Amino acid sequence: MNIFSAQKIYEWEKFTLQQDKISALQLMEKAAKCCCTWISDRFQTSTEIYIFCGSGNNAGDGFALARLLCQTGFNVKVFTDSSKKFTEEAELNFQRCKEISGIEIQDFSAFKQLKNSENSIIIDALFGLGLNRKIEGEIAAFIDLLNDFPGTKIALDLPSGLFADGNQEEDAVIFQADYTLTFQLLKKSMLHSETAPFCGEIHIMDIELNREFCQENPSDENTIDDRLIQNIYKPRKNFSHKGTFGKSVLVAGSFGKIGAAVLATKAALKAGSGLTFVLAPKCGYEILQTTCPEAMFISGGENEIENIKVEDEYTVGIGPGIGTSSATEQAFLKFLKTSKKPLVLDADALNILAKNPENFQFIPKDSIITPHRKEFERLFGKTQNSFERTVLAQKKAAEMGIFIVLKDHHTQIITPFGTVFYNLTGNPGMAKGGSGDALLGILTALLAQNYSPQNATIFGVWLHGKAGDFAAEKFSQEAMLPSDLINELGNVFKALNKKSSQET
């Protein structure tokens, strides 16, 4: 699914009006109907509804929604500043509201006299997508008042005070929504850790904007949706054999950290690697042979990785638990300088690279690196926020010709071509040591199975998150383990296969 800027969304709406020969008022009515259906499906008509409307088209959505909710049987009060000049469509919907005796319209100031009620809904239709400046003065104080009011809070399209395309100032006043009913697609600010929490639970309202616009105006920023995954996924053919699905080598583990090697290896096996090897120190031999009998062991030293010898046809993932000792560092850099095929690099492999940026030049083109925030900072320097981090990652991915998996609540896949894919699977239960080791194993296995580096990265991150969602559903976010995530990979593949068979 595309992610468009606020300006591009306005262009999309205009395109729809022209191509589908409908009016802006009709499009506004579609948005209001979608929101009315969503609310009436979830709340009883005895719920008191307070709708706060500004003067722009977001207010027009609010006025239209007030009329539809009243007709559905809800008790609706509208708060606005009628002395302000409304946009044409907002004015028309305001007048329609005034014609309905069941809708009480009051000035903003009257809200202060209302009694607190938890059995009420506050709907924010103050600014929405059109905001381009920080909210200050009386309206900022008013939004603070709304945030303190009990009851369920719903934002139309975007919480007031939040910019669609970037970060807000540190002291910005923003409506704190429990739910955001956004129109047609997610906005960029709904996907970043500093801004997304203001949106609460997000629901996309399909208002049927013309799809041709997306085909003619592809975006460099996208979310990973089921259609994309289904197009990437390659079901196994009946006459395949183990050689068909590649040879993976996981370079992982050191004394006291063999668990990282176990998790990475199990994940590679579960992700479909045809032949799987684990190159680890001898101190982990018995553990690995016992826990991962399907994988073959290659000795890389006694208690740490001291040498890395891998044949050219193998796909290699390096980093989990290897440590950063001088012997391991020397072995890793020696191997890196002779590598030609794309690699998957994580954890201590990245920490070693961060010591000397001159070694970045040895990373093979189309390789995949998977840094979390601190690892990214050590590699490429500090940024003020996640928006800046994404921009810097785009720059570095292009310079180095690699794919960067920027781990976050919505992990981003940044390609060397400047495109960004936001992943929507996964949950806070995955925030445990070992989850990253599993991701490295999955990515290595997919790369070995001849998925392109871009498809392996997109599919691998999605698969990792989806398995985490399955594990959380079964065990809870608190109790789930990275090993539970790995064990759920099979159920994710079963679901993919079932969907593929239904579509064919």
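**View 1. Asn58 sits in helix α3, residues 57-72.** This close-up, like the others here, comes from a predicted model. At 7% relative accessibility, Asn58 counts as buried, since the cut-off is under 20%. Look past its immediate sequence neighbours and you'll find Asn58 touching Asp124, Ala125, Leu126, Phe127 and Gly128, along with Leu156 and Asp157.

**View 2. Asn58, Asp124 and Ser160 share a "binding site" annotation in an unreviewed UniProt entry.** The three span 103 residues in sequence, yet no two of their C-alpha atoms are more than 9.8 Å apart, so they gather at one spot. From this set, Asn58 is part of the lining of the largest pocket.

**View 3. Ser160 is in the loop that runs between β5 (152-156) and β6 (179-183).** Its relative accessible area is 0%, so Ser160 is buried. The Ser160 side chain makes a polar contact with the side chain of Asp124, at 2.7 Å. Setting aside residues up to four places away in sequence, Ser160 also has quite a list of partners: besides Asp124, it touches Leu126, Phe127, Gly128, Ile135, Ile143, Val173, Ile174 and Phe175.

**View 4. A second "binding site" annotation, also from an unreviewed UniProt entry, covers a longer stretch of names.** The record lists Gly128, Leu129, Gly130, Leu131, Asn132, Arg133, Lys134, Asp157, Ala260, Gly321, His372 and Asp437. Do these residues sit together or apart? They span 310 residues in sequence and the farthest two C-alpha atoms are 48.0 Å apart, so they do not all gather at one spot. Lys134, from this set, belongs to the lining of the largest cavity.

**View 5. Leu129 is found in the loop between β4 (120-125) and α5 (137-148).** With 8% relative accessibility, Leu129 counts as buried. Leaving out residues up to four places away in sequence, Leu129 touches Ala6, Ile9 and Tyr10, plus Asp157, Leu158, Ala164 and Lys187. Asp157 turns up among the contacts of Asn58 too.

**View 6. Leu131 also lies in the loop between β4 and α5.** Leu131 is buried, at a relative accessible area of 10%. Once neighbours within four places in sequence are set aside, Leu131 is in contact with Gly161, Leu162 and Phe163.

**View 7. Helix α2 takes in residues 24-42.** Does its length fit what you'd expect, or not? At 1.5 Å a residue, the 19 residues should span 27 Å, and the end C-alpha atoms are 28 Å apart, which agrees. If you're picking out the buried residues of α2, they are Leu25, Leu27, Met28, Glu29, Ala31, Ala32, Cys35, Cys36, Trp38 and Ile39.

**View 8. Cys70 and Cys214 are shown here, in a model with a count of 0 disulfides.** The cut-off for calling one is a pair of cysteine sulfur atoms within 2.5 Å. How far from Cys70 is the nearest cysteine sulfur? That sulfur belongs to Cys97 and is 8.5 Å away, and Cys70 is in no disulfide. Cys70 has 18% relative accessibility, so it counts as buried. For Cys214, the closest cysteine sulfur is in Cys34 at 16 Å, too far for a bond. Cys214 is buried as well, with a relative accessible area of 17%.

**View 9. Glu221 is in strand β8, residues 221-223.** Is Glu221 buried or exposed? Glu221 is buried, because its relative accessible area of 18% falls under the 20% cut-off. Not counting residues up to four places away in sequence, Glu221 touches Met1, Asn2 and Ile3, together with Lys188, Val420 and Tyr422.

Conventions: Residues numbered from 1 in each chain as written. Predicted model: local features only at pLDDT ≥ 70, side-chain atom pairs only at ≥ 80, totals over all residues. Heavy atoms only, no water. UniProt positions renumbered as here; feature names shortened; annotations may be inferred. 1 Å grid on protein atoms, 1.4 Å probe; cavity = no way out; pocket = protein on both sides within 12 Å on 5 of 7 lines; lining within 4 Å. Helix = DSSP H or I, 4+ residues; strand = E, 2+ residues; numbered from the N terminus. Buried < 20%, exposed > 50% of the residue type's maximum accessible area, 1.4 Å probe, protein only. Contact = heavy atoms within 4.5 Å. Expected span 1.5 Å × (residues − 1). Polar contact = N/O pair within 3.5 Å; in protein donor to acceptor, adjacent residues only side chain to side chain.
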